[in-house]
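Me: I'm new to this structure and would love a close look at one part of it: the strands and their partners. Could you walk me through that slowly?

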Amino acid sequence: MVLRDGYGVAAGDIDGDGWEDLVFAGWGQNQVLLNEQDGTFRVATEEVGLPLVGGGPSPMGVTLGVTLADHDGDGDLDLFFSNIFDDKAYCNTGGVFSDCTGSLGDYGGVGRPSGTASFADFDADGDLDLYVIGGADGGGPGKKTVLYGVPDRLMRNDGAAGFVDISAPIPEALRTGVGFIAGWTDLDHDGDSDIYVVNDIGHVTPNQLFRNDGPDGSGGWTFTPLTQAECSCQLEESGMGLGIADFDRDGWQDLYTSNGARLTGPNQAAEVLLRNLGDNQFVDVSLAVGAHAAGPLDRESSWGLEFLDIDNDGWPDAFVPFGSQLGNEEEDAIMMNVGGTFEHAGTGGASSPAWGLSAAAFDYDRDGCLDLAVNYTNGLAKLYRNACQWDNHWLQMEFEGVQSNRMGIGVVATATVNGMELREEVVLGSTSLYGSRPAIVHFGLGAAEVVEEIEVVWPSGLTQTLSDVPADGRYKLVEGEAAPTQRW
């Protein structure tokens, strides 16, 4: 990779050739890398119609977050750049982008700094809505520029009218923390997507959970902020990254946050893993299950955390990048999930003063093992190939909505493998820090060569059941069709 001093990274198939590409965002330049289908990428930023600097003519030239999302439902992945000034949207037509910020209502925040953008169809009307973190840190070692105090924005997609800001019912004080990432997921299993916001400087504004409570009866929508007493999830940390996965395979999505500044005390870990007990109740199990990636207190700051099943054994592992704010070398950490507990398993090949601010897990070489793209500030962006040293099987699924949104965001797929249920949810722009991964589900299957059953629940409410699906392939399921097609 050639990008240096980066922030966000997004992975997805930009040109529709079936191979996943990369978009890196950074200080002074952005880059699009197209997958050459032979294990290499080529820089194609201007070729696909994008400016090199800041996602647009920003005087600061700084893009923080980047998200690939089909916001107009035409089957192409569009781009959203969260900038220090002037967010930018680019619409994709056949692999070529054009600036469409001005035609999308409140989509672009002119003059307002943003951190990350996360998409979901919270009202299940068939298009993607948006939550944008308002507080933005455009800094880095030796070049700190901080712009905070801008409220987060919740925006509903109203089709031809573009995006409409409907944030007002959520108290502004709860939307004006030093936010870094917002994750959409159905935490309470009521069929709609809730919002979990990770904040820095948590003693001022802690992490927030906004429960999706549906229509308000007057044309609006209700998101209810839950207190610490109600959810035990308002962490007072220097929150940075967010991983969402069912780490203990009990059927509930759990929340794993990284921490930009170590907490003090004999039993404190920099990273916090919240186990979902159901009914919007959480418990901190960081120490109990060995999720303190910082290990023997030798690392200062963790950043863009990412869940992924590295060894395809069916249990979500984690990649936790580190970087010292004091310029000291801090090794990244691979955390292997062994039946619901975590063990340190090396460094992921990185040891530098750089901050790994964003990571995206994706299968760029289509070998069934998830790889990692990591964007480092004060360092070079990197692509880590998974050497696939295990004999375990796997299965990947992508979805195309008909009544539901085109990308299938919010689909819940539960695979039954040797009597064990593996529950995965399609999320977008709500993993890691400043970035997004492809909108697929990846099942590690261990020794199983066939998936006995896959139950697919669409945002529209439609439920489909697939039986005896062969392992070791990627499948695409169109909403309402009887059987999936194999992509590769």
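Reply: Happy to! A term to begin with: two strands count as paired if DSSP finds at least two bridges between them. Please keep in mind that this is a predicted model.

With that in hand, look at strand E19 and strand E20 (residues 254–259), which pair in the antiparallel sense over five bridges. You can find one meeting point by eye, since Ala245 stands opposite Asp254 in E20. These strands belong to an open sheet of four, in the order E19-E20-E21-E22 and with antiparallel pairing. E19 (239–245) and E22 (281–284) lie at its edges with a single partner strand each, so one side of each has no neighbour in the sheet. On average, neighbouring strands here are turned by 25° against each other, direction ignored.

Now move along the chain to strand E38 (residues 474–478). Four of its five residues are buried, so the rest of the structure largely encloses it. E38 runs parallel to strand E32 (residues 393–400), and five bridges join the two. One of the places to look is Gln396, whose bridge partner in E38 is Arg474.

E38 also pairs with strand E39 (residues 485–486), this time in the antiparallel sense and over two bridges. Here Tyr475 has Gln486 in E39 as its bridge partner. E38 and E39 form a hairpin, with six residues between them. In that turn, look for Gly480, which has a positive phi of about 90°.

Methods
Residues are numbered from 1 along each chain as its sequence is written. This is a predicted model: local features need pLDDT of at least 70, side-chain atom pairs count only at pLDDT 80 or more; totals for chains, interfaces and linings use all residues. Side-chain values use heavy atoms; hydrogens and water are left out. Buried means under 20% relative accessible area, exposed over 50%, partly exposed in between (1.4 Å probe, protein chains only). Axes are lines fitted to C-alpha atoms, for helices over the stretch in contact, and angles run from 0 to 180 degrees between N-to-C directions.
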